[in-house]
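This report covers the protein surface at the DNA and then the contact between the protein chains. Please have the sequence and the model open while reading.

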Number of protein chains: 2
Amino acid sequence: MEGQPGLNHETWYTINDLSAAFDITARTLRHYEDVGMLAPLRRGSQRLYRERDRVRLQLILRGRRLGFSLPEIHDMLDLYDADPSEVTQLQDVIKRGDAKLAELQEQVDELQTTIQELLELRAKMQHRLDIILTQEGL
Amino acid sequence: MEGQPGLNHETWYTINDLSAAFDITARTLRHYEDVGMLAPLRRGSQRLYRERDRVRLQLILRGRRLGFSLPEIHDMLDLYDADPSEVTQLQDVIKRGDAKLAELQEQVDELQTTIQELLELRAKMQHRLDIILTQEGL
DNA sequence: ACGCAACTTTCCGTTTACGTAAACAGCGGT
DNA sequence: ACCGCTGTTTACGTAAACGGAAAGTTGCGT
């Protein structure tokens, strides 16, 4: 169950807390760990997820909904993990972030084109339907 | 090669025309046919793709870039193939189209949230970088 | 101390979306 | 008639992202 194993005010989650909360299987969470996208602490052999892990999981699942592969999502997570004390790291993360941003914007554009086309199709179909219905109404 | 086998002014494409034009393999085109997403004509055993097939292929590839599965894309293509003379078909296509539109809009929203978060991260990193660089400049 | 539920690791299975030969057919050029 | 190219079908292989079952361990309630 969800709780606090220490005396601090941090919230902890078991693997089943998270799988229930996000409607995924424990197997999926272990898989994300296998490929290095999550790294929960251990109490003995049991996994203990912190708030940080929960946030990362949310990012992973959103990435999946958006159609990204796990390696792609992994790269995006890495952006948040960069060491902010090293100049080269900062420059690198900005550069990689900009590249990803351009990609995401392109995807938004294509989505909006798709939406536009579907709206036009819908209008056409609605128009035909109106004509048929008024004819039948005679 | 791309050409016109008849005397009309329609353009035809071989399987290699299309695979070269869209940078995919012939195998991929045959696969889309296997799963019923394309249906080129035949001259003997050879596939002949018309403009209509080319447009459908564009839709398929865009769908893939947006992260949709082939069955999902297949459903979207079906929207364009609905018989516009049947009232029930028209109503059905409008309903299914609206459902897909809601989905697409949701995807746009999630993408824009992701973009926003990356922009904030970028600003944070840029800020840290500026501080470090001015310190070094002393 | 005992049982049992919750967790663990390990490993083989499955689906999607093709990749990759193998083996054959038709056709334009020499 | 033979070559090479382009195309075809058939069929097994593969990577990604888990699913699912087996077998072992651990902590907790009584």
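## Residues at DNA strand C

In this predicted model, 18 residues surround DNA strand C, and those that come nearest are Asn16(A), Arg47(A), Thr25(B), Tyr32(B) and Arg64(B). Sorted by class, the surface near DNA strand C consists of 8 polar, 6 charged and 4 nonpolar residues.

Several secondary-structure elements provide at least two residues each to the surface near DNA strand C. From chain A these are helix H1 (15–22), helix H2 (26–34) and strand E2 (46–48). From chain B they are helix H2 (26–34) and helix H4 (70–81). The largest share, 4 residues, is that of H2(B).

## Contacts to the backbone of the DNA

Which parts of DNA strand C make up the atoms within 4 Å of the protein? Sugar or phosphate accounts for 68% of these atoms, and bases for the rest.

Individual phosphate contacts come from both chains. On chain A, a side-chain N or O atom of Arg42(A) is 3.3 Å from a phosphate oxygen of DNA strand C. On chain B, Tyr32(B) places a polar side-chain atom 2.9 Å from a phosphate oxygen of the strand. Leu70(B) instead uses its backbone: an N or O atom there lies 2.9 Å from a phosphate oxygen of DNA strand C.

## Extent of the chain A and chain B interface

The size of an interface is often given as the accessible area lost when the parts come together. Here chain A and chain B bury about 4000 Å² between them, and 73% of that area is on carbon and sulfur atoms. In chain A, the residues that lose the most area to chain B are Leu111(A), Leu118(A) and Met125(A), which together make up 15% of what that side buries.

The contact involves 41 residues from chain A and 41 residues from chain B. Of the interface residues of chain A, 100% are also interface residues in chain B, so the copies meet through the same surface.

## Polar and charged pairs across the interface

Across the interface of chain A and chain B there are 8 residue pairs in polar contact, with both residues at pLDDT 80 or more. On the side of chain A that touches chain B, helix H3 (51–65), helix H4 (70–81) and helix H5 (87–136) each supply at least two residues. H5(A) gives the largest share of that side, 30 residues. By class, the side of chain A that touches chain B has 23 nonpolar, 9 polar and 9 charged residues.

The structure as a whole holds 22 salt bridges over all chains, and 6 salt bridges are found across the interface of chain A and chain B. Arg65(A) forms a salt bridge with Glu110(B), where the closest N and O atoms are 2.6 Å apart. Another salt bridge links the side chains of Arg62(A) and Glu117(B), at 2.8 Å from N to O. Arg62(A) lies in helix H3 of chain A and Glu117(B) in helix H5 (residues 87–137) of chain B, so this pair joins two chains.

## Relation between the two copies

Two copies of a chain are related by a rotation about an axis and a shift along it. What turn lays chain A on chain B? A turn of 180 degrees, with a shift of 0.0 Å along the axis, does this with an RMSD of 0.1 Å. That is the relation of a two-fold axis. In chain A, Gly67(A) has the C-alpha nearest the axis, at 1.9 Å from it.

Notes
Residues numbered from 1 in each chain as written. Chains lettered and ligands numbered in written order. Predicted model: local features only at pLDDT ≥ 70, side-chain atom pairs only at ≥ 80, totals over all residues. Heavy atoms only, no water. Near = heavy atom within 4 Å. Polar contact = N/O pair within 3.5 Å; in protein donor to acceptor, adjacent residues only side chain to side chain. Nonpolar A, V, L, I, M, F, W, Y, C, P; charged D, E, K, R; others polar. Contact = heavy atoms within 4.5 Å. Buried area = accessible area lost by both parts, 1.4 Å probe. Salt bridge = Lys/Arg side-chain N within 4 Å of Asp/Glu carboxyl O. Least-squares fit on C-alpha atoms with pLDDT ≥ 70 in both.
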